[in-house]
Amino acid sequence: MKILAVANQKGGVGKTTTAVNLAAALAELDIKTLLLDLDPQANATSSLGLEPTQGSLYSVLTGETTLYDQIRETTFGPLWVVPAELDLAGCEIEIARDEQPLERLANAITTLPGQLEPDYVIFDCPPSLGVLMTNALAAADAVLVPLQCEYFALEGLSKIAHVIQHVGASRQKGPLELEGILLTMYDVRTNLSQQVVSDVREHFGEKVFDTIIPRSVRISEAPSFGMPVLNHDPEGVGAASYRAFTRELLARHGRPVPA
Ligand code: ATP
Ligand code: MG
């Protein structure tokens with residue numbers, strides 16, 4: 001079981017789009033995947049055609065129910081979802097009072113094997129450094145950072161790199177790895193996009209995935225149909241790019257990539 005947090009405290013960089021389409025692409029390869037929507041905006045939940053719920057993750061994090069109890073099926077192969085928790089404020093305050101507030105999710109995850117044993121667990125994190133994102137980082141094996149190909153892209157990166165190091169140094173699970181940086185919303189027509197790609201590659205070298213996700217209307221409209229772009233526009237460039245990224249990730253993990 002490999003646990004990946006899709007995180008970047010910067011808003012609107014493609015976290016949810018990446019979490020949903022990575023999860024869908026893994027499931028398409030018949031790889032058992034569990035997606036946790038940790039953002040009260042519930043974008044990942046609705047992108048898969050599900051309703052956000054009240055009291056789901058909240059009750060898991062407070063220990064009232066198990067993670068397994070909150071898992072929902074989707075219509076996209078072996079892909080399961082834990083829908084978003086709407087009552088973020090209540091959740092943050094409640095957990096903060098508990099012992100080990102930042103390891104709540106990590107503890108909940110340890111109960112999974114034996115019930116549902118996914119090959120991949122993916123967290124869609126909210127764009128803030130609050131309790132939920134910290135819980136995600138404390139539970140993850142590695143962090144996947146989507147980066148929008150735009151002018152201020154690099155600025156937020158040093159911050160997230162620092163947070164990864166900090167959480168890794170203080171959590172029970174030990175050091176946290178930067179899985180890699182995925183460049184998103186690349187626009188071939190602009191010099192700026194090309195400049196950002198070369199800057200990011202220069203700074204982060206092999207941590208940057210070869211695959212770049214292009215800007216695509218099909219990617220951005222897929223959530224309104226309640227489905228991943230893989231299903232909304234299976235033959236399009238958006239779907240192809242997320243499939244290529246997923247294969248690259250599997251290869252990095254030394255996993256056999258199905259033909
Ligand atoms: P937040 O920080 O609010 O959670 P996010 O980092 O999860 O945002 P997304 O919701 O995935 O970002 O994307 C932000 C917006 O950009 C959405 O409207 C999404 O549909 C759109 N978008 C994401 N990726 C692409 C792409 N490759 N091409 C075009 N639009 C995209
Ligand atoms: Mg999001």
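# Reading a predicted model, turn by turn

Visitor: Let's start at the end of a helix. What phi does glycine 254 take, just after helix 11?

Guide: A positive one, about 70 degrees, and glycine 254 comes just after helix 11. Keep in mind as we go that this is a predicted model.

Visitor: And how do I read the length of helix 11 itself?

Guide: Compare its end-to-end reach with what you'd expect at 1.5 Å a residue. Helix 11 spans residues 237-252, 16 residues in total, and its first and last C-alpha atoms are 22 Å apart, close to the expected 22 Å.

Visitor: Which residues of helix 11 are buried?

Guide: Here the cut-off matters: buried means under 20% relative accessible area. In helix 11, that gives you Gly238, Ala239, Ser241, Tyr242, Phe245, Thr246, Glu248, Leu249 and Leu250.

Visitor: Back to phi. What sign does it have in most residues other than glycine?

Guide: Negative, in most of them. Now look at aspartate 30: its phi is near 70 degrees, a positive value, and it isn't a glycine. You'll find aspartate 30 in the loop between helix 1 and strand 2 (33-37).

Visitor: Which other residue has a positive phi although it is not a glycine?

Guide: Try alanine 42, with a phi of about 60 degrees. Alanine 42 is in a loop too, the one between strand 2 and helix 2 (43-47).

Visitor: Buried or exposed: how do I class aspartate 30 and alanine 42?

Guide: Go by relative accessible area: under 20% is buried and over 50% is exposed. Aspartate 30 has 62%, so it counts as exposed. Alanine 42 has 3%, so it counts as buried.

Visitor: On to the ligand. Which residues come nearest to ligand 1?

Guide: There are 17 residues around ligand 1, and Lys15, Thr16, Thr17, Pro214 and Ser216 come nearest. For polar contacts, look at pairs of N or O atoms within 3.5 Å. Glycine 12 places a backbone N or O atom 2.9 Å from an oxygen atom of ligand 1, and valine 13 does so at 3.0 Å. With lysine 15 it's a polar side-chain atom, 2.8 Å from a ligand oxygen.

Visitor: How much of the accessible area of ligand 1 does the protein cover?

Guide: On its own, ligand 1 has 630 Å² of accessible area, and the protein covers 81% of that. Helix 1 (15-28), strand 8 (208-214) and helix 9 (217-221) are the elements giving two or more residues to the shell. Helix 1 gives the most, with three residues.

Visitor: Where does threonine 16 sit, and what does it contact beyond its sequence neighbours?

Guide: Threonine 16 is in helix 1. Its relative accessible area is 15%, so it falls in the buried class. Setting aside residues within four places in sequence, threonine 16 is in contact with Asn43, Ala44, Ser47 and Asp124.

Visitor: What about the inside of the protein: how many residues are in the largest nonpolar core?

Guide: It has 52 residues, and Leu34, Leu36, Leu67, Leu105, Ile109, Phe123 and Leu137 have the most contacts inside it. Helix 6 (residues 131-139) gives the most to this core, seven residues. Another core, of 33 residues, lies apart from it and has Leu35, Phe76, Leu79 and Ala142 among its members.

Visitor: Why is helix 6 described as largely enclosed by the rest of the structure?

Guide: Because nine of its nine residues are buried. Val131, Met133 and Asn135 are among them.

Visitor: Which residues does leucine 34 touch?

Guide: Beyond four places in sequence, leucine 34 touches Ile71, Trp80, Val81, Val82, Leu112, Pro118, Tyr120, Val121 and Ile122.

Visitor: Last one: how many residues apart along the chain are alanine 153 and valine 13?

Guide: They're 140 residues apart, yet their C-alpha atoms are separated by 8.8 Å. Alanine 153 lies in helix 7 (residues 153-170) and touches Leu147, Gln148 and Val196 beyond four places in sequence. Now set that beside valine 197 in helix 8 (residues 191-204). Valine 197 and serine 170 are 27 residues apart along the chain, with 32 Å between their C-alpha atoms.

Notes
Residues numbered from 1 in each chain as written. Chains lettered and ligands numbered in written order. Predicted model: local features only at pLDDT ≥ 70, side-chain atom pairs only at ≥ 80, totals over all residues. Heavy atoms only, no water. Helix = DSSP H or I, 4+ residues; strand = E, 2+ residues; numbered from the N terminus. Expected span 1.5 Å × (residues − 1). Buried < 20%, exposed > 50% of the residue type's maximum accessible area, 1.4 Å probe, protein only. Core = buried A, V, L, I, M, F, W, Y, C linked by side-chain atoms within 4.5 Å. Contact = heavy atoms within 4.5 Å. Near = heavy atom within 4 Å. Polar contact = N/O pair within 3.5 Å; in protein donor to acceptor, adjacent residues only side chain to side chain. Areas by Shrake-Rupley, 256 points an atom, 1.4 Å probe, with all protein chains shown as cover.
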